[in-house]
Amino acid sequence: MKLVSTEIPEVKLIEPQVCCDDRGFFFESFRQDWFNQSTGSNYEFIQDNHSRSSQGVLRGLHYQLPPHAQGKLVRVVSGAVFDVAVDIRSSSSTFGRWVGVELTAENHRQLWIPPGFAHGFLVLSESADFVYKTTAYYSPQADRGVLWNDPDIGIDWPKLDVPFSLSDKDQKQPVLSRADTFA
């Protein structure tokens, strides 16, 4: 596996070494010892999640507040998404900045989004299966979000031939300047 830096140093792109032949492919999708050494962290993943969404579905921007803050290791096993992490640490020099990458079943890339970041994704393909590991359990009382199209963040979401589809919850999230954030 190869760890690639993004414009925000704490957010990492992971590119696995994929072995392919006429039978298919194989790759290690996760190794705790490699992950800890490469990221300089000691996180333990305790929950796996899987969602399937149709083209144009936009989920996010979601996060959980301490003491239930979640780090997420995300990837796509079918289809393609545009995946985004937004720094919501008010003391950070990159506060309010975002990183976006395309994750597909074909490129096998993963994105590490540490605690202190809001996360969201837009489905680019006809449908996508999105899986992710978290470092904390889901906690409804700690669940928060930021509006997906906050003009102060200015995420450049890809244009699609279908309208974006968001949950009522995601359409009503506050802008970052009014959201609960990390110190």
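These exercises walk through a predicted protein model, each with a worked solution.

Residues are numbered from 1 along each chain as its sequence is written, and side-chain values use heavy atoms, with hydrogens and water left out. In this predicted model, local features need pLDDT of at least 70 and side-chain atom pairs count only at pLDDT 80 or more, while totals for chains, interfaces and linings use all residues.

**Exercise 1. The open sheet**

Task: Give the strand order of the five-stranded open sheet, and find its edges.

Solution:
- Start with the terms. Helices (H or I, at least four residues) and strands (E, at least two) are DSSP runs, numbered from the N terminus. Two strands pair if DSSP finds at least two bridges between them.
- Strands of a sheet pair through backbone hydrogen bonds, either parallel or antiparallel.
- Now read the order: β9-β8-β11-β6-β13, with antiparallel pairing.
- Find the edges. β9 (98–104) and β13 (143–145) each have a single partner strand, so one side of each has no neighbour in the sheet.
- Add the turn. Neighbouring strands of this sheet are turned by 25° against each other on average, direction ignored. Such axes are lines fitted to C-alpha atoms, for helices over the stretch in contact, and angles run from 0 to 180 degrees between N-to-C directions.
- Look at one pair. Seven bridges join β8 (residues 80–87) to β11 (residues 117–123), in the antiparallel sense. There, Val84 faces Gly120 of β11.

**Exercise 2. A hairpin and its next partner**

Task: Trace the pairing from β1 to β2 and on to β10.

Solution:
- β1 and β2 are antiparallel and share four bridges.
- Six residues lie between these two strands, which form a hairpin.
- Lys2 has Glu15 in β2 as its bridge partner.
- Move on to β10. It is antiparallel to β2, and three bridges join the two.
- Leu13 sits opposite Leu111 in β10.

**Exercise 3. Helix α1**

Task: Name the buried residues of α1 and the strands they pack against.

Solution:
- Set the cut-offs. Buried means under 20% relative accessible area, exposed over 50%, and partly exposed in between (1.4 Å probe, protein chains only).
- In α1 (residues 32–39), the buried residues are Trp34, Phe35, Asn36 and Thr39.
- They pack against β1 (2–5), β2 (12–15), β7 (72–78) and β10 (110–113). Contact means heavy atoms within 4.5 Å.
- Gly40 follows α1, with a positive phi near 65°.

**Exercise 4. Pocket and cavities**

Task: Describe the largest pocket and the two cavities of 30 Å³ or more.

Solution:
- Define the spaces. On a 1 Å grid over the protein atoms alone, a cavity is a set of points where a 1.4 Å probe fits but cannot get out; a pocket is an open set with protein on both sides within 12 Å along at least five of seven lines; lining residues have an atom within 4 Å of a point.
- Grid points are joined across faces, edges and corners, and a volume is the space filled by probe spheres set on the points.
- The largest pocket holds about 380 Å³. Of its 21 lining residues, Arg59, His62, Lys72, Tyr132 and Lys169 are the closest to its centre.
- β6 gives the largest share of this lining, four residues.
- Sort the pocket lining: six nonpolar, ten polar and five charged. Here Ala, Val, Leu, Ile, Met, Phe, Trp, Tyr, Cys and Pro count as nonpolar, Asp, Glu, Lys and Arg as charged, and the others, Gly among them, as polar.
- Next, the largest cavity: its volume is about 60 Å³. β6 again gives the largest share of the lining, here three residues. Among the lining residues are His62, Lys72 and Phe182.
- The second largest cavity holds about 40 Å³. Its lining includes Trp34 and Phe35, two of the buried residues of α1.

**Exercise 5. Unusual backbone**

Task: Which peptide bonds are cis, and where is the non-glycine residue with a positive phi?

Solution:
- Recall the rule. Most residues other than glycine have a negative phi, and most peptide bonds are trans.
- The bond from Gly60 to Leu61 is cis, with omega near 15°. Leu61 belongs to β6.
- The bond from Pro66 to Pro67 is also cis, with omega near 5°. Pro67 lies in the loop between β6 and β7.
- His108 is not a glycine, yet its phi is positive, about 60°. This residue sits in the loop between β9 and β10. His108 counts as buried because its relative accessibility is 10%.
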